[in-house]
Amino acid sequence: MGKITGFLEIDRRDRKYKPVPERLKSYQEFVIPLGEEGTREQAARCMDCGIPYCHNGCPVNNQIPDWNDLVYRGDWLKALKNLHSTNNFPEFTGRICPAPCEASCTLNLPDTPVTIKTIECAIVDKGWAEGWITPQVNPVKTGKSVAVIGSGPAGMACAQQLARAGHDVHLYEKAQQIGGLMRYGIPNFKLDKTVIDRRVGQMEAEGVVLHTGVHVGKDVTIEELTAKYDAVALAGGAEKPRDLPIPGRELQGIHFAMDFLSQQNKRVTEEPLNNITPILAGGKHVVVIGGGDTGSDCIGTSNRQGALSVTQIEIMPAPPEKENKLLTWPNWPMKMRTSSSQEEGVARDFAVATVRFEGENGQVKELHCARADEKFQPIPGTEFVLKADLVLLAMGFLGPVQDGMVKDSGVELDKRGNVFADTFQYKTSKEKIFSCGDMRRGQSLVVWAIREGRQCARSIDQHLMGKTDLPR
């Protein structure tokens, strides 16, 4: 490493956020970059630690010590090339990844990991600012064609890699714009959609043909695509939400989180809502059921819409404030975390079982809850009531929607209802059909989706050409 003693001499310093009152006024990103010199200083903290566990902590296996050293030495262009060698979209992960790499950092043992996510984001943002990121067009075409269905991070990565291998790639998306969950689920204040748009432009310049507003399984059949193309990749995500079938579920004002979030994202980007019933938190007591990232996004969005109060409940018990490093490191620890949205204002409660919804004139007004035991069952005598004019169900996803494309394709499913394919070839049980991302692995992270899209593209290239130069 360029500065061997950097981790001893320099304190950890990360990006800051704009003040809460200021950022609640808009849906714009609110992270304040460290700047070039501050980022370079933080990169100098990367140790020559012998075994860089961050490599394995990162699902795309970013060569983190290498580009940290390059940033410290001021060779930003080479750092960008290194970063892109393992990750097609580091500006996505540099904004919304939970950074398992930092949990695996040797300096996380004393709770001062290298600010890997911040450095990653700084590298790629500088690459865009300097004009270094341009289309990589393969002048040699293979004559083979591939359809990629689903334009989330897995589908985008798969399509881009296949286009760079020289194939004729067609990316199908049922929504009006490319991006999947990143565009319609993750709020703009965490990931501005212009960040996606510039990558989409790069992909189009590289030859990827976009088919938006085309719902495979409705507008076109999977049989038509398998007949037309030499290979098909299913990358449609895990969109089936977990429901809460308890008394009162039919009341108005109870919605799946993704319906709420996608509406607001469309408002921000001025995409037509097509006369759907608005789901708005303004002037309401909001209860978010579910303690994960989607629930957190509901909190931030509700506060920006002007909710009277926001309460988040989770059926799991409260995690420990601090992990036992001797037991968990270098793996991702289960511990109490507070997101930027939670910092903006929410009442959080754990080990809560929702017993029933109650309302007036068909509209939800209350949640009747109780403390949950170790089997997640209500404990008698612990009942309490929460005000609720709007309830957002953010309890995760059960897998891909099977009606339509998945069922029509006839592919084998695993025990959880995901499309069955291994992580080496990504082949399904049907000839010519591959699968990757959440549709194959279940609900997961954007960074895992990018990894699977890249690896699936390599497998498809190998299948079509008998060999491949694409990296895993």
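How much space lies in the second largest cavity? The answer, computed on a predicted model, is about 80 Å³. This cavity and its larger counterpart are described below, after the sheet and the helices that pack on it.

The sheet is open and has 5 strands. Their order is S8-S15-S9-S10-S11, and the pairing is parallel. Strands of a sheet pair through backbone hydrogen bonds, either parallel or antiparallel. Strand S8 (254-256) forms one edge and strand S11 (347-350) forms the other. Each of these edge strands pairs on one side only. From one strand to the next, the twist averages 20°.

The pairing of S11 can be followed in detail. Its partner is strand S10, which spans residues 309-314. The two strands run in the parallel sense and are joined over 4 bridges. One bridge links Thr311 to Ala347 in S11.

Helices pack on this sheet. Helix H15 (residues 293-305) touches strand S9 (285-289), S10 and S15. The direction of H15 makes about 175° with that of S10. Helix H14 is formed by residues 257-268. It lies across S8 and strand S15 (390-393). H14 runs at about 75° to S8. Strand S15 is thus in contact with H14 and also with H15.

Internal space was examined next. Rolling a probe the size of a water molecule over the atoms shows where empty space is left. A search of the whole structure finds 2 cavities of 30 Å³ or more.

The largest cavity holds about 100 Å³ of space. It is lined by 15 residues. Closest to its centre are Cys46, Cys49, Cys54, Cys105 and Thr106. Helix H5 (residues 64-72) gives the largest share of this lining, with 3 residues. By class, the lining of the largest cavity has 12 nonpolar and 3 polar residues, and no charged ones.

The second largest cavity, with about 80 Å³ of space, is lined by 14 residues. Cys58, Asn62, Cys97, Cys101 and Glu120 lie nearest its centre. Helix H8 (100-104) and helix H9 (116-130) each supply at least two residues of this lining. The largest share, 3 residues, comes from H9. The lining of the second largest cavity divides into 9 nonpolar, 3 polar and 2 charged residues. Charged residues are therefore part of this lining, whereas the lining of the largest cavity has none.

Technical notes. Residues are numbered from 1 along each chain as its sequence is written. This is a predicted model: local features need pLDDT of at least 70, side-chain atom pairs count only at pLDDT 80 or more; totals for chains, interfaces and linings use all residues. Side-chain values use heavy atoms; hydrogens and water are left out. Two strands pair if DSSP finds at least two bridges between them. Axes are lines fitted to C-alpha atoms, for helices over the stretch in contact, and angles run from 0 to 180 degrees between N-to-C directions. Contact means heavy atoms within 4.5 Å. On a 1 Å grid over the protein atoms alone, a cavity is a set of points where a 1.4 Å probe fits but cannot get out, and a pocket is an open set with protein on both sides within 12 Å along at least five of seven lines; lining residues have an atom within 4 Å of a point. Grid points are joined across faces, edges and corners, and a volume is the space filled by probe spheres set on the points. Ala, Val, Leu, Ile, Met, Phe, Trp, Tyr, Cys and Pro count as nonpolar, Asp, Glu, Lys and Arg as charged, and the others, Gly among them, as polar.
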